[in-house]
Amino acid sequence: MIEYTLTEGEEFTLTATVEPAEATNAAVTWTSSDETVATVKDGVVTALKAGKVTITAKAGEVSATCEI
């Protein structure tokens with residue numbers, strides 16, 4: 001897990017790389033464990049208030065997380 005710190009109102013862009021390149025389900029979906037703390041859209045995380053949140057990128061059955 002990767003950790004990153006943001007302040008309220010700050011944005012950070014996460015990038016997901018799906019391998020192999022010919023994967024049949026390469027579409028990445030992004031989710032936030034608490035959208036009152038931070039939102040995520042297309043990998044762009046926006047901090048809304050103090051707290052911890054886990055951002056998840058998922059493609060098919062594979063996922064990766066980042067704690068903010």
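1. For the charge count, Lys and Arg are taken as positive and Asp and Glu as negative, while His and the chain ends are left out. On that basis the protein chain of this predicted model carries 4 positive and 11 negative side chains, and the centres of the two sets lie 7 Å apart.

2. Turning to the overall fold, the protein chain contains zero helices and seven strands, so that, from the N terminus on, its elements read β-β-β-β-β-β-β. Along the principal axes, the C-alpha atoms occupy a box of roughly 40 × 15 × 15 Å.

3. On burial and surface, 28% of the 68 residues of the protein chain count as buried. The area that the protein chain exposes is about 4,700 Å², and carbon and sulfur atoms supply 50% of it. As for the contacts between residues at least 6 apart in sequence, 46% of them join residues that are at least 24 apart.

4. Which residues form the salt bridge? A search of the whole structure finds one such bridge, and the partners are glutamate 67 and lysine 52, whose closest N and O atoms are 3.5 Å apart. This falls inside the cut-off of 4 Å between a side-chain nitrogen of Lys or Arg and a carboxyl oxygen of Asp or Glu. Because glutamate 67 lies in strand E7 (residues 62-67) and lysine 52 in the loop between strand E5 (44-47) and strand E6 (54-59), the pair ties together parts that are 15 residues apart in sequence.

5. Lysine 52 deserves a closer description, since this residue of the loop between E5 and E6 is exposed, with a relative accessible area of 66%. Leaving aside neighbours within four places in sequence, lysine 52 is in contact with Val37, Glu67 and Ile68, and Glu67 in that list is the salt-bridge partner already described. The C-alpha atoms of lysine 52 and glutamate 35 are separated by 11 Å, with the two positions 17 residues apart along the chain when counted as a sequence separation.

6. Is valine 45, by contrast, buried or exposed? Valine 45, which is found in strand E5, is buried, with a relative accessible area of 0%. Once neighbours within four places in sequence are set aside, the contacts of valine 45 are Leu6, Glu10, Glu11, Phe12, Leu14, Ala38, Thr39, Val40, Ile55 and Ile68. Threonine 17, which is 28 residues from valine 45 in sequence, lies 17 Å from valine 45 in space, C-alpha to C-alpha.

7. Phe12, named among those contacts of valine 45, also takes part in the one aromatic pair that is counted. Tyrosine 4 and phenylalanine 12 form this pair, which is stacked, at 3.9 Å centre to centre and with 25 degrees between the planes. The label follows from the angle, because planes under 30 degrees apart count as stacked. Both rings belong to partly exposed residues, the relative accessible area being 33% for tyrosine 4 and 25% for phenylalanine 12.

8. Two features of the backbone should be checked against the background that most residues other than glycine have a negative phi, and that most peptide bonds are trans. The peptide bond from glutamate 19 to proline 20 is cis, with omega near 0 degrees, and proline 20 lies in the loop between strand E2 (11-13) and strand E3 (29-32). Aspartate 42, a residue other than glycine, has a positive phi, near 55 degrees. Aspartate 42 is placed in the loop between strand E4 (38-41) and E5, where this residue is exposed, with a relative accessible area of 62%.

9. The loop between E2 and E3 also holds valine 18, which counts as partly exposed at 25% relative accessibility. What does valine 18 contact, once neighbours within four places in sequence are left aside? The residues concerned are Ala23, Ala26, Val28 and Ala59. For alanine 59, which is 41 residues from valine 18 along the chain, the C-alpha atoms of the two residues are separated by 7.3 Å.

Conventions: Residues are numbered from 1 along each chain as its sequence is written. This is a predicted model: local features need pLDDT of at least 70, side-chain atom pairs count only at pLDDT 80 or more; totals for chains, interfaces and linings use all residues. Side-chain values use heavy atoms; hydrogens and water are left out. Helices (H or I, at least four residues) and strands (E, at least two) are DSSP runs, numbered from the N terminus. Buried means under 20% relative accessible area, exposed over 50%, partly exposed in between (1.4 Å probe, protein chains only). Contact means heavy atoms within 4.5 Å. Accessible areas come from the Shrake-Rupley method with a 1.4 Å probe; for residues, only the protein chains shown count as cover. The place of a charge is taken as NZ of Lys, CZ of Arg, CG of Asp or CD of Glu. Rings of Phe, Tyr and Trp (its six-membered ring) pair if their centres lie within 6.5 Å; planes under 30 degrees apart count as stacked, over 60 as edge-to-face and the rest as tilted.
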